[in-house]
Amino acid sequence: MKILVVDDERSIRNTLKDILEFEKYEIDLAEDGLIALEKVKNTIYDVIFLDIKMPQMDGIEVLDKMRADGVEAPVIMISGHGNIETAVECIKKGAYDFIEKPIDLNRLLVAVRNALDKTTLVAQTKLLKKKVNKKYAMVGESDSVCRLRDLIAKVAPTDARVLITGDNGTGKEVVARQIYEQSHRAGAPFIEVNCAAIPSELIESELFGHEKGAFTSAIKTRTGKFEQANNGTIFLDEIGDMSLSAQAKVLRCLQENVISPVGSDKSVKINVRVIAATNKNLRKEIDAGNFREDLFHRLNVIPIHVPSLAERTDDIPLLVEHFTAQICEEQGIAPKHFAPEAIELLKQHTWLGNIRELRNVVERLIILSGKEITADDVEQFA
């Protein structure tokens, strides 16, 4: 772990250096803010100690410049003239912590450990976000996928409700995620609800929450998915499988932007963007009395149909390449390659399970075949 100590007093710099090196940290020193700014341009530090009172540029100015330049390391401000107002100002400007001189050894080491924990957590969060983004990447260059991307780009910045339709395995969740990630709500919660996986008697509690004692198993108050998604986005997957009673409550929520938890007479105001998806023909479900027409029109502001894999077979080589890299990384397998003849056979396959089925087949072939996956492998394992 590398730490930068910025202080115009040589004795303070050397003291901090000795203490931190004894704790096995790698230490770099700077006697003023200008030198520190040069150092952070060329070196990534895990923690920065920054004195406030310095010639040329004071520590708060240096902190401002570091944050403006995109330096993300936790900055711990140090000062012999500290007060609450100064500490608050530093924290508001992005400092991680504030320590007064003379520096207490235990306080110093605790601050360093906490700051390093934050650095590790931020790095892990970034890695996790990259993995999530890869998982929901929209792969393909066919005309249908390009049109889909264009439509998402137009719809995402708005708050319009979206109804995504398409067969099982076509990537409806990917479309929902793309809309969310390109929207102004991207930093807020994205709450996914699989309406088909929740028993009809529990769906209302799942969506709107419940009060303690509202029903036999309600041993404590629970916040529903709509409230969890407040100021963000809720994705109602398989909306066509929702019970009629739950549909009535969702309709009220969309009309009035309020919810009522089960067993409660209070109303909770919410601000949620709704994206719904289904593999069913909702117009046929309406005719059969299984889906409310008024709810359909509330949800179907922007209809988006996701094409089947049969409609975009030209994307199969790109999808195979994408899944191969993803699966080899996940499974810890050395990179593998599909022979051109194997790709051609995959393009001729009837993909009733669409992209989901293709990914499963690619995973099977990677695990069961050699370094190069041949047409024979496809015939045997696909």
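**Sheets, a buried strand and salt bridges in a predicted model**

Glu256 and Arg252 sit four residues apart, about one turn of the helix, within helix α10 (residues 244–256). Their side chains meet in a salt bridge, with an N to O distance of 3.5 Å. Glu256 is partly exposed at 40% relative accessibility, and Arg252 is partly exposed as well, with a relative accessible area of 29%. As the structure is a predicted model, this pair and everything that follows are best read as features of that model.

It is convenient to turn next to the sheets. One of them is an open sheet of five strands in the order β2-β1-β3-β4-β5, with parallel pairing. Its edge strands are β2 and β5 (97–100), each of which pairs on one side only. On average, neighbouring strands of this sheet are turned by 20° against each other, direction ignored. Helix α1 packs on the sheet and touches β1, β2, β3 and β4, while its direction makes about 170° with that of β2.

The pairings within this sheet can be followed residue by residue. Strand β1 (residues 2–6) runs parallel to strand β2 (residues 26–30), and the two pair over five bridges. Leu4 has Asp28 in β2 as its bridge partner. Together with helix α1 (residues 10–22), these two strands, β1 and β2, make a right-handed β-α-β unit. Elsewhere in the sheet, strand β3 (residues 47–51) and strand β4 (residues 75–79) pair in the parallel sense over four bridges. There, the bridge partner of Leu50 is Met77 in β4.

Another open sheet is formed by five strands in the order β7-β10-β13-β6-β14, again with parallel pairing. Because β7 and β14 (302–305) each have a single partner strand, they stand at the edges, and one side of each is left without a neighbour in the sheet. Neighbouring strands in this sheet are turned by 20° against each other on average, direction ignored. Helix α7 (residues 172–181) packs on the sheet, where it touches β6 (162–165), β7, β10, β13 and β14. The direction of α7 makes about 155° with that of β6.

Within this sheet, strand β10 deserves a closer look. Strand β7 (residues 190–194) pairs with β10 in the parallel sense over five bridges. Among the residues matched there, Phe190 has Thr233 as its bridge partner in β10, and Val193 has Leu236. β10 also pairs in the parallel sense with strand β13 (residues 273–278), over four bridges. Thr233 stands opposite Arg273 in β13, so Thr233 can be traced both to Phe190 of the β7 pairing and to Arg273 of the β13 pairing.

How many of the five residues of strand β10 (residues 233–237) are buried? Five of the five are, so the strand is largely enclosed by the rest of the structure. In a regular strand the side chains alternate between the two faces of the sheet. Both faces of β10 are covered, with Thr233, Phe235 and Asp237 buried on one side and Ile234 and Leu236 buried on the other.

The remaining results concern charged side chains. Side chains of opposite charge can pair when their charged atoms come close. With a cut-off of within 4 Å between a side-chain nitrogen of Lys or Arg and a carboxyl oxygen of Asp or Glu, the count comes to 21 salt bridges. One of these joins Arg222 and Glu206, whose side chains meet at 3.0 Å, N to O. This pair links distant parts of the chain, 16 residues apart, with Arg222 in strand β9 (residues 222–223) and Glu206 in helix α8 (residues 203–208). Is each partner buried or partly exposed? Arg222 is partly exposed, with a relative accessible area of 37%, whereas Glu206 is buried, with a relative accessible area of 15%. Since buried means under 20% relative accessible area, the 15% of Glu206 places this residue in the buried class.

A further salt bridge brings together the side chains of Asp294 and Arg292, at 2.9 Å from N to O. Asp294 counts as partly exposed at 35% relative accessibility, and Arg292 is partly exposed, with a relative accessible area of 29%. Beyond single pairs, salt bridges that share partners join Asp7, Glu9, Asp51 and Lys101 into one network.

Conventions:
Residues numbered from 1 in each chain as written. Predicted model: local features only at pLDDT ≥ 70, side-chain atom pairs only at ≥ 80, totals over all residues. Heavy atoms only, no water. Buried < 20%, exposed > 50% of the residue type's maximum accessible area, 1.4 Å probe, protein only. Pairing = 2+ DSSP bridges. Right-handed = clockwise from strand over helix to strand, strands pointing away. Axes fitted to C-alpha atoms, helices over the stretch in contact; angles between N-to-C directions. Contact = heavy atoms within 4.5 Å.
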